Amino acid sequence: MDYLFQQLINGLTLGGVYALVALGYTMVYGIISLINFAHGEIFAAGGYLGVILLSYMASQGVMDNHPWFGLAFALILAMGYCAMLAMAVEKVAYKPLRSSSRLSVLLSALGMSIFLQNGLMLTQGVYDKAYPTEFTHGGFEWLGVRVSFMQIGILAVTGLLLVLLNALVFKTRIGKAMRATSQDKVMSALVGIHSDKVISTTFAIGAALAAAAGIMVGLYYGSVRYDMGFVPGIKAFAAAVLGGIGNITGAMIGGLIIGMVEILAAAYIPHGGEYKDVFAFVILIGVLYFMPTGIMGENVDDTRV
Amino acid sequence: MAAILELEGVCAHYGRIQALRDVSLHVGEGEIVTIIGANGAGKSTTLMTICGIVRASKGDVRYQGASILDKRADELPALGLCQVPEGRRIFPRLTVQENLDMGAFLRRDADGIAADLGMVFRLFPVLFERRKQHGGTLSGGEQQMLAIARAFMGRPKMLLLDEPSLGLSPMISQHIFRIIRNVNEESGVTILLVEQNANMALKLADRAYVMETGAVVLEDTAAALRENADIKKAYLGQ
C-alpha cells in the first residue's frame, strides 16, 4: 500500500510535467491546427536555461542562502525567455505560411525542431549537463511515503500554473479572444480581434509552461541533454491527443494519465521499467484507433476550443 | 445626405472566378439600404469585401470619406463598421454572455458596455435567460438574435446585415426587422441589408440595389422597386 502511494505521488509529479508540455501542443493546435513539433525543443531550451542560471547562481552562493528565491528567479526568467523564443519561431517559421497548406506548416515545424535541437547541441555540447541539486535534498515521510521537498515544489508549481492558465483562458479578455479565434477566425476579425497577436500570445503562453516543465524535469532527474525535448515532447503530444487535441482541460487530464500509467507500469509490470517509454505510445495508438477525438474532444470538424 | 459608405468599381475574385464586377454603390448616413438578388449574385461577397475579409482586386471602398481598402478586417469595428455575417457565425463554445462580450471586444468604457448589455437583454429577453448557455446550443432564431445583439454591443455607426431572416419563422423575422428599424430610427445607425426575402427588405429599406451574377443591375428607391414590373415578377413572386 505504501509502495502504491509512493508510485501515485511519483506519477502525479511526472504527469503534471507532461500536462504542462501538452498544453502548449493543444493550445497551438486549437488555434492554428498545427502540431508544433518544435515545442519539445522549447521545453529543452527551458531546461538548459535553468541549468545555466542555477549553476551561475550556485557558484555565486545565491543557492546556499536563498534557494527558493534562486529557483523562482530561474523559473520566471526561463519562462520569459522561452516565450520570446517561441514567438520568434512562430514569426519566422509559421506566420509566413499562414495561408499555405497544413502540410507545409507541419514540415516547417519539423525543420524548426531539428534546427533548434542542433542549435542546442552546437552551443551547449552533446553531453549531459548536471543540474546543481545540492539544495534540493530533504523531504519527509508521511504515512510511510517518502516525499521530497523538490517533489512538493514541482507539484505546487505545476498546480499553480494550471490554475493560472485556467483563469487566463476562461476569465480574461485575452483568454476569451483566444477561444473565439480558435472557434471562428473570420468572425473574430469582424469583432476586432487581431488574430496574429492572439496566435503569437498563444505560442508564448504554451512555451512559458513548457519552459517551467523543462526546469522541473532537469531538477527532478538531475541533468539535461540537448535531445531531452524529443521523447517527453512526443509523450506530451500523446497526452494532448488522449485528452482531445485542442481541449485545454483534456491536455491536463491526458498528461496526468500518461504520467501515472508510465510510473505504475514501470512499477508493477515485470521489466516495465525498461519499456516505460513504450506505454505512452501504446496509449497514443490506442486512442487514435479507438477514440480519435480523445476524452474531451467534442468533434473533429474544423472548429475547436 | 453625406455618404457614409461608397463602393466604386469594386471587383473581387475567388481564385480565378470573378465574384464581383465593377460594383458601385453608396449608402447615406442614417439610411437603410438593401441589396437584393438571387443566390450567388455576389451580395455576401460585397459585404465581406467591405469588411476586408475578401480583398478587392480593383476599385475602392470608402467609409466616412476615407479609403478602407488598406485596413485589416479587425481594424474596422473600431471605426463603427460592424457586420452580422451570413450564417450568423456565433462562437459555438462561448456562452451567450461571452459572445456578447466579444461584440464589445474593442471597447473600454465599462459603463457604456453595461448599459448596452442591458439594452440588448431588453430587446431580446431570451438571451438573458440563456446567457450562461453555449452559443451553439441556441435555436436558429435565438442565434440570429445573438448575432445581431453581438453586433449592437460594438455600438456601430453602420451595420451590415447578411440575411437576418434566413431560416426563421415569419413571426421572428418580423420581430428582427422591427428591431432593425428601431435601431436605425432611434440610434441613427446606418443599415446595409442583404436579403433574399425581397418583399420584407423592400418594405424596410429607403433605397435598394439589385445584383445579378456579381454586378449591380438596378438601383432605385425601395418604393419604386416594389412597383417595378420586372422586380415584382423576378423577386416578389407576384
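**Exercise 1. Find out which residues of α1(A) meet α10(A), and work out how the two helices are arranged.**

Start with the residues themselves: Y18(A), V21(A), A22(A), Y25(A) and T26(A) on the α1(A) side meet P232(A), G233(A), I234(A), K235(A), A236(A), F237(A), A239(A) and A240(A) on the α10(A) side. Keep in mind that you're looking at a predicted model.

Next, sort that contact by class: 10 residues are nonpolar, 2 are polar and 1 is charged.

Now for the geometry. Helix α10 of chain A covers residues 230-243, and its axis lies 8 Å from that of α1(A), at an angle of about 70°. Angles from 65 to 115 degrees count as roughly perpendicular, so α1(A) is roughly perpendicular to α10(A).

**Exercise 2. Do the same for α1(A) and α9(A).**

First, locate the pair: α1 takes up residues 2-32 of chain A and α9 takes up residues 195-221. Their axes come within 9 Å and cross at roughly 160°.

Then name the arrangement. The cut-off for roughly antiparallel is an angle over 145 degrees, so that's what α1(A) is relative to α9(A).

Last, look at who's in the contact: 20 nonpolar residues, 5 polar ones and no charged ones. As for handedness, α1(A) passes α9(A) in a left-handed crossing.

**Exercise 3. Place T133(A) in the fold and list what it touches.**

Begin with the local setting: T133(A) sits in a loop of chain A, between β1 (129-130) and β2 (139-142).

Now look further along the chain. L54(A) is 79 residues away in sequence, yet its C-alpha atom is 9.2 Å from that of T133(A).

Finally, the contacts: leaving out residues up to four places away in sequence, T133(A) touches L219(A) and G222(A).

**Exercise 4. Take two annotated transmembrane spans and check their make-up in the model.**

Go to the record first. An unreviewed UniProt entry annotates "transmembrane region" over several stretches of chain A, including 105-127 and 147-169.

Take residues 105-127: the end C-alpha atoms are 31 Å apart, and the span is 87% helix with 0% strand.

Then take residues 147-169: here the end C-alpha atoms are 32 Å apart, with 91% helix and 9% strand.

**Exercise 5. Decide how far to trust chain A, and where to be careful.**

Check the overall confidence: the mean pLDDT is 90, and 96% of the residues reach 70 or more.

Then hunt for the weak spot. Residues 300-305 of chain A have pLDDT below 50, though this stretch has 15 contacts in the model beyond near neighbours in sequence.

Note on methods
Residues numbered from 1 in each chain as written. Chains lettered and ligands numbered in written order. Predicted model: local features only at pLDDT ≥ 70, side-chain atom pairs only at ≥ 80, totals over all residues. Heavy atoms only, no water. Axes fitted to C-alpha atoms, helices over the stretch in contact; angles between N-to-C directions. Helix = DSSP H or I, 4+ residues; strand = E, 2+ residues; numbered from the N terminus. Parallel < 35°, antiparallel > 145°, perpendicular 65-115°, else oblique. Left-handed = near helix turned anticlockwise from the far one by under 90°. Nonpolar A, V, L, I, M, F, W, Y, C, P; charged D, E, K, R; others polar. pLDDT = per-residue confidence, 0-100. Contact = heavy atoms within 4.5 Å. UniProt positions renumbered as here; feature names shortened; annotations may be inferred.
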